[in-house]
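I opened the notebook to record what could be looked up in this structure. The entries follow in the order in which I made them.

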Amino acid sequence: MTEFRIESKSNPVIKAAKKLKEKKHRNESRLFLVEGYRLLEEALKSGRRTEKIFYLQEKEEDFRRYIQPNLKEADVYTVPETVLKELSSTVHPQGVVGVVHMDEDSNKTDAGLFRNSMYIYLDGLQDPGNLGTIIRSAHAAEAGGILLGRNTVDPYSDKVLRSSMGSIFHLPIYRDGEMMLKILQNQGYKLAVTSLDATRSIYEEDLAQNLILVIGNEGSGVTKEIQDNAEMLLKIPMPGGAESLNAAVAASVILFEKVRQTQEKSL
């Protein structure tokens, strides 16, 4: 670990890191920013390669406690608060920002694929908070991964990262979701979609099998193409009479009903 000191916002290292606040530059470099000690600690614990770390000198105790024990290789920079704010997306920076590599292995059909019986395909999901929550629930329910369909929000934006509470570092994110969808379907995974046309609730359907749960756009729902190809139509009983559930809430309810059924079946 090499440590440096940067004092100026115009330093080329800071200017290059700041560009990662934009999706275009994240995708081009395959790098993204992780802000906050707990979140960066999760990234390091998961084995994510970290290229650079910027932290406030006055937060050295936190750095030594949360970051250094899990840090293998990275250039480390101490910076003043004025410089750290250039990289931060929060009003009150927590004192550390890391430049982390995207998980390239998550796009490969390696031996880890097909090990789990539930994957989630996101069909144009747009809200960062919803995506972060779905990732968190999927991690907790031991899903196999998240497949990103067209027009789905960037999983490496700061809002998604924060709302995932670090779960994004423990769950494969497949950027080419459409390709992975076909691969899973060819392996016998059934496409499950929530639908007003469903005649059976999630408590009546057999969820303890290999499934791809589709979560659609918050406003327009699942596309007709996906709906027409679905082998399983699901509905969540809502005795209170609400028209619909939030996308992340609906996904979580179904995920944990699958957990319940799977555990019950294994007894």
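**Entry 1. Ground rules**

I count a polar contact as a pair of N or O atoms within 3.5 Å, and for residues adjacent in sequence I count the pair only if both atoms are side-chain atoms. I note also that the model is predicted.

**Entry 2. Lysine 52**

I looked up lysine 52 and found it in strand E3, which covers residues 50–56. Its side chain makes a polar contact with the side chain of glutamate 51, at 3.1 Å. I asked whether lysine 52 is buried or exposed. Lysine 52 has a relative accessible area of 18%, so I entered this residue as buried, the cut-off being under 20%.

I then listed the contacts of lysine 52, leaving aside neighbours within four places in sequence. The list reads Val13, Ala74, Asp75, Tyr77, Val97, Gly98 and Val99.

**Entry 3. Salt bridges**

How many salt bridges does the structure hold? I recorded 15, and I examined some of them by residue.

Lysine 52 appears again here, in a salt bridge with glutamate 51 whose closest N and O atoms are 3.1 Å apart. Glutamate 51 counts as partly exposed because its relative accessibility is 30%, whereas lysine 52, at 18%, counts as buried.

Glutamate 86 forms a salt bridge with lysine 18, and I noted 2.8 Å between the closest N and O atoms. This pair links distant parts of the chain, 68 residues apart. Glutamate 86 belongs to helix H5 (residues 81–87), and lysine 18 belongs to helix H1 (residues 12–18). I entered lysine 18 as partly exposed, because its relative accessible area is 36%.

Arginine 64 forms a salt bridge with glutamate 60, with the closest N and O atoms 2.9 Å apart. Both residues lie in helix H4 (residues 60–67), and their separation of four residues is about one turn of the helix. Arginine 64 counts as partly exposed at 26% relative accessibility, and glutamate 60 is likewise partly exposed, with a relative accessible area of 29%. I also found that salt bridges with shared partners join Glu3, Glu60 and Arg64 into one network.

**Entry 4. Helix H3**

Which residues of helix H3 (residues 37–45) are buried? I listed Tyr37, Leu39, Leu40, Glu41, Ala43 and Leu44. I next checked what the buried residues of H3 pack against. The partners are strand E2 (31–35), E3, H4, strand E5 (96–101) and helix H7 (158–164). E3 is also the strand that holds lysine 52, and H4 is the helix of arginine 64 and glutamate 60. Just after H3, I noted a positive phi of about 90° at glycine 47.

**Entry 5. The largest pocket**

I turned last to empty space. Rolling a probe the size of a water molecule over the atoms shows where such space is left.

The largest pocket contains about 750 Å³ of space. I counted 23 residues in its lining, and those nearest its centre are Thr194, Ser195, Leu196, Ser244 and Leu245. By type, the lining residues of the largest pocket divide into 10 nonpolar, 10 polar and three charged.

Which element gives the most to the lining of the largest pocket? I recorded E10, with three residues. Strand E10 (211–216) and helix H10 (247–266) each supply at least two residues of that lining.

Conventions. Residues numbered from 1 in each chain as written. Predicted model: local features only at pLDDT ≥ 70, side-chain atom pairs only at ≥ 80, totals over all residues. Heavy atoms only, no water. Buried < 20%, exposed > 50% of the residue type's maximum accessible area, 1.4 Å probe, protein only. Polar contact = N/O pair within 3.5 Å; in protein donor to acceptor, adjacent residues only side chain to side chain. Contact = heavy atoms within 4.5 Å. Salt bridge = Lys/Arg side-chain N within 4 Å of Asp/Glu carboxyl O. 1 Å grid on protein atoms, 1.4 Å probe; cavity = no way out; pocket = protein on both sides within 12 Å on 5 of 7 lines; lining within 4 Å. Points joined across faces, edges and corners; volume = space filled by probe spheres on them. Nonpolar A, V, L, I, M, F, W, Y, C, P; charged D, E, K, R; others polar.
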